[in-house]
Amino acid sequence: MRGYLLVQAGGAPYGLRVDQVLEVRDGFEVHPAPSIHPAVRGVTPAHGRLVPLIHLGALVTNGMPSDEPCPTLVLAHVAERLLAFEVEDAEEVVSEDLLPVPDAWQLPWASGIAERDTGMIPVIDVELLAERLSPVETGELI
């Protein structure tokens, strides 16, 4: 895998595998929906259907999302499903080979590590990250 979208989520930099990203947009609708996981804010319309809206920073850190939605949405695909991730910013697409995830880092959802001037950045495999959610929350049954 080569290339990732550099994003800011929960105040930290992450990469999203570019082969899993469909689009990036500013401004989007948020419709609350019940969820077991606190990172799932609700649903948002995309490509003619309602898509689970997930606060990326909260999902990665097992934290709570802020009260206000983030300004940027990254639409990603997992198998035949779509997921929408809230991020503070989508900065750039970077085309470079990734380093393996160090054994000491416990990041089962990372496909590799990017080395930047500012430090090491985990690159997220959206499919692996989505495993932290229930089938209903990822849209399998929606």
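# Exercises on a predicted model

Met-120 has a relative accessibility of 39%, so Met-120 counts as partly exposed. The model is predicted, and the exercises below work through its sheets, contacts and loops.

**Exercise 1.** Find which strand holds Met-120 and which residues form a nonpolar surface patch with Met-120.

Solution. Step one: Met-120 is found in strand S11, which covers residues 119-124. Step two: Leu-99 and Trp-105 join Met-120 in a nonpolar patch on the surface. Together the three residues have about 250 Å² of accessible area.

**Exercise 2.** Give the strand order of the open sheet of five strands, and state which strands stand at its edges.

Solution. Step one: the order is S9-S1-S2-S11-S10, and the pairing is mixed. Step two: strand S9 (89-97) and strand S10 (110-116) each have a single partner strand, so one side of each is left without a neighbour in the sheet. Step three: direction ignored, neighbouring strands of this sheet are turned by 35° against each other on average. Step four: S10 and S11 run antiparallel and are joined by six bridges. Arg-116 stands opposite Gly-119 in S11.

**Exercise 3.** Classify the one aromatic pair of the structure and locate its two rings.

Solution. Step one: a pair of aromatic rings is described by the distance of the centres and the angle of the planes. Step two: for Tyr-14 and Trp-109 the centres are 6.3 Å apart and the planes stand at 65°. Planes over 60 degrees apart count as edge-to-face, so this pair is edge-to-face. Step three: Tyr-14 lies in strand S2 (residues 12-17) and Trp-109 in the loop between S9 and S10, so the pair ties together parts 95 residues apart in sequence. Step four: buried means under 20% relative accessible area. Tyr-14 is buried at 8%, and Trp-109 is buried at 5%.

**Exercise 4.** Describe the open sheet of six strands and the pairing of S6 with S8.

Solution. Step one: the order is S3-S7-S8-S6-S5-S4, with mixed pairing. Step two: strand S3 (21-26) and strand S4 (31-32) are the edge strands, and each pairs on one side only. Step three: strand S6 (residues 49-55) pairs with strand S8 (residues 81-87) in the parallel sense, over three bridges. His-55 stands opposite Glu-86 in S8.

**Exercise 5.** Work out where His-47 and Ala-79 lie, and what sign their phi angles have.

Solution. Step one: most residues other than glycine have a negative phi. Step two: His-47 is not a glycine, yet its phi is positive, about 55°. Ala-79 also has a positive phi, near 55°. Step three: His-47 sits in the loop between strand S5 (40-46) and S6, and Ala-79 in the loop between strand S7 (72-78) and S8. Step four: His-47 is exposed at 54% relative accessibility, and Ala-79 is exposed at 59%.

**Exercise 6.** Among the five salt bridges of the structure, trace those made by Arg-17 with Asp-19 and with Asp-125.

Solution. Step one: Arg-17 meets Asp-19 in a salt bridge of 2.6 Å, N to O. Asp-19 is partly exposed at 41% relative accessibility. Step two: Asp-125 and Arg-17 form a salt bridge of 2.8 Å, N to O. Asp-125 lies in the loop between S11 and helix H2 (126-130) and Arg-17 in strand S2, 108 residues apart. Both residues of this second pair, Asp-125 and Arg-17, are buried. Step three: another of the salt bridges joins Glu-23 to Arg-25, with the closest N and O atoms 2.9 Å apart. Step four: salt bridges that share partners join Arg-17, Asp-19 and Asp-125 into one network.

Key
Residues numbered from 1 in each chain as written. Predicted model: local features only at pLDDT ≥ 70, side-chain atom pairs only at ≥ 80, totals over all residues. Heavy atoms only, no water. Patch = residues over 30% accessible without salt bridge, like charges linked within 9 Å, V, L, I, M, F, W, Y side chains within 5 Å. Areas by Shrake-Rupley, 256 points an atom, 1.4 Å probe, with all protein chains shown as cover. Salt bridge = Lys/Arg side-chain N within 4 Å of Asp/Glu carboxyl O. Helix = DSSP H or I, 4+ residues; strand = E, 2+ residues; numbered from the N terminus. Buried < 20%, exposed > 50% of the residue type's maximum accessible area, 1.4 Å probe, protein only. Pairing = 2+ DSSP bridges. Axes fitted to C-alpha atoms, helices over the stretch in contact; angles between N-to-C directions. Phe/Tyr/Trp six-rings, centres within 6.5 Å; stacked < 30°, edge-to-face > 60°.
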